[in-house]
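Dear colleague,

I am handing over the structure that we talked about, and below it you will find my notes on what I found in it. Please keep the structure open beside the text while you read.

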Amino acid sequence: MEELEAVLTRQPLFSCRQRSAKPFFRTPIVYPKMRMPGTLYIVATPIGNLADITIRALDVLRSADIIACEDTRHTRKLLTHYEISTKLVSYHEHNEDARAEELAKKLAAGASIAVVSDAGTPGICDPGFKIVGRAIEAGANVIAIPGACAFVVAAVTSGLATDAIYFGGFLPAKSGERRRRLAEVADIPATLIFYEAPHRIAASLKDCVAVLGDRSAAAARELTKLHEGTRRGRLSELASYYETNAAKGEFVLVIERASEEQVSTTPEPDRFAARVAELENEGLDRRAAMRKAAKEFGLARAEAYRLLQAQKER
Ligand code: SAM
C-alpha cells in the first residue's frame, strides 16, 4: 500500500536516510534493447483475376516492412492496382539461398516480411520453402495468408473425387522420366493432379494413357481468367484433342484415381509389357525396348525380366 501510494504521489520509495540509493523514479532506467523476432507472412495472390485476393492479404501487404517477390515489375502492377507502396525486394529461384539468409537476419531483428510469388500461393511450385525454413530457424513467426492456388481450383471444378488428392507439381519434361514418375504414382488411391506447360500437354496426356490406362480426366485451362475452361473426358480423348488443337495458356491436369479393378487386374507386368511392345512398335529390338522400358520404370534388369515373364504366364 505504502509502495502504491509512493508511486501514485511520485514520492521516493526509500528515504535518503534509509538507503543511500537515489529514489528509483529520478534515475533514468535504461533498458537493454530487446529484439523481438519478426513475422514472415506467406501471402497468396491472384492466379489470374486481380479481385481474387483477400482483405487480410491486402492489409498485410500494406503494413509489411518489405515484400519479397519473384518479379518486382509483376508484383508492382498488383500493388499499384491496390494503391500499396510497400518496398519490394526480389526473391526468386536464382537468388533464393542468399536472399533467404538476408531476409532471415531482418526477421531476427524484428522486421515483418511478406512473401508473394507471381501467382497463387508461394511455395507451391514457386519460391517460398527456403525462406520459411530460415525464418523458423531465426525464431520468427510464420503465418500464411491463404488464397488462390491453381491445383485446388482445378480439383474442385474437375468433377473428379476430392476426398483424397495427390498433387505432383510439374511432370518431368522428358517422356522417359515422365513415364517413370507416372508409374510411381499410378496406384496411389487419390485423384492425381499435375501442372503442365501448354507445349507439353499433348505428349504428357499420351504418356498418361500409356502408363495410367485410359482414365477419366480434366484439363483445366486459364483458371479465373477470360479464357477459362475445363475439358473433361478420357485421357485418350484429351490426348487426341490436344494433338490436333494447339494448347494455349496455363494448364492443370486432373486425373481419376486407379479403380480397384485397375489396381488388381492391371498390375505392373501388364503396364511394363505394354510399354515394351510400344517401344518395339517404334522400331527398337526387344532387348533394347526392354532396357529402355526398365530405365523408364526405374527397374533393375532382373526385375524387368521377371515382370515380362509374369505377364507371359498369365
Ligand atoms: N504458386 C502457383 C499456385 O499456387 O498454383 C503455381 C505456380 S507454378 C510456377 C505455375 C503453374 O501453375 C502453371 O504452369 C500452371 O500449370 C499452373 N497455373 C497457375 N495459374 C493457373 C491458371 N490461372 N490456370 C491454370 N493453371 C494455372
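Ile42 is found in strand S1, which covers residues 39-43, and in this predicted model it counts as buried because it has 24 C-beta neighbours inside 10 Å, where 20 or more are needed. If you leave aside its neighbours within four places in sequence, Ile42 is in contact with Val115, Pro122, Gly123, Gly128, Val132, Ala144 and Ile145. Ile42 can also be related to Ile131, for these two are 89 residues apart in sequence, while their C-alpha atoms are 9.7 Å apart in space.

Pro122 and Gly128, which are among the contacts of Ile42, appear again in the surroundings of Ser117. Ser117 lies in the loop between strand S4 (112-115) and helix H5 (129-137), and although it is in a loop, it is buried, with 25 other C-beta atoms within 10 Å. Not counting residues up to four places away in sequence, Ser117 touches Glu70, Pro122, Asp126, Pro127 and Gly128. Between Ser117 and Tyr91 there are 8.6 Å from C-alpha to C-alpha, and the two residues are 26 apart in sequence.

A further buried residue is Val254, which has 26 C-beta neighbours inside 10 Å and lies in strand S10. Once its neighbours within four places in sequence are set aside, Val254 is in contact with Ala154, Ala155, Ser158, Leu160, Thr191, Ile193, Ala217, Ala218 and Ala220. Its C-alpha atom is separated by 6.4 Å from that of Ala219, a residue 35 positions away along the chain.

Now to the ligand: which residues are closest to it? Among the 24 residues that surround the ligand, the closest are Gly120, Ala150, Tyr195, Leu223 and Glu250. The elements that give two or more residues to this shell are helix H6 (150-158), strand S7 (191-196), strand S8 (216-221) and strand S10 (251-255), and the last of these is the strand that holds Val254. Sorted by class, the shell has 13 nonpolar, five polar and six charged residues. Where does the ligand lie with respect to domain 1 and domain 2? Domain 1 (39-148) and domain 2 (151-259) both give residues to the shell, and therefore the ligand lies between them.

Two residues in the loop between S8 and S9 deserve a careful look at their backbone angles. Glu222, found in the loop between S8 and strand S9 (229-234), has a positive phi of about 50° although it is not a glycine. Thr224 lies in the loop between S8 and S9 as well, and its phi is near 70°, again a positive value in a residue other than glycine. Are these residues buried or exposed? Glu222 is partly exposed, with 17 other C-beta atoms within 10 Å, and Thr224, with 17 C-beta neighbours inside 10 Å, likewise counts as partly exposed.

Next comes a pair of helices. Two packed helices are described by the angle between their axes and by the distance between the axes. Helix H7 (residues 175-185) and helix H12 (residues 286-297) pack at an angle of about 60°, and their axes are 7 Å apart. That angle makes H7 oblique to H12. On the side of H7 the contact is made by Gly176, Arg179, Arg180 and Ala183, and on the side of H12 by Lys295, Glu296 and Phe297. By class, this contact has two nonpolar, one polar and four charged residues.

Helix H12 is also the place of Ala289, which counts as partly exposed because it has 19 C-beta neighbours inside 10 Å, while 20 or more would make it buried. Not counting residues up to four places away in sequence, Ala289 touches Val276, Leu279, Glu280 and Leu284. The C-alpha atoms of Ala289 and Glu278, which are eleven residues apart along the chain, are separated by 8.4 Å.

Finally, a view of the whole protein. It has 13 helices and ten strands, and of its 314 residues, 33% count as buried. Of the contacts with a separation of 6 or more, 72% are accounted for by residues 24 or more positions apart.

With best wishes

Terms used: Residues numbered from 1 in each chain as written. Predicted model: local features only at pLDDT ≥ 70, side-chain atom pairs only at ≥ 80, totals over all residues. Near = placed C-beta within 6 Å. Helix = DSSP H or I, 4+ residues; strand = E, 2+ residues; numbered from the N terminus. Nonpolar A, V, L, I, M, F, W, Y, C, P; charged D, E, K, R; others polar. Domains from an automatic or database assignment. Axes fitted to C-alpha atoms, helices over the stretch in contact; angles between N-to-C directions. Parallel < 35°, antiparallel > 145°, perpendicular 65-115°, else oblique. Contact = placed C-beta atoms within 7 Å. Buried ≥ 20, exposed ≤ 12 C-beta atoms within 10 Å, placed from the backbone.
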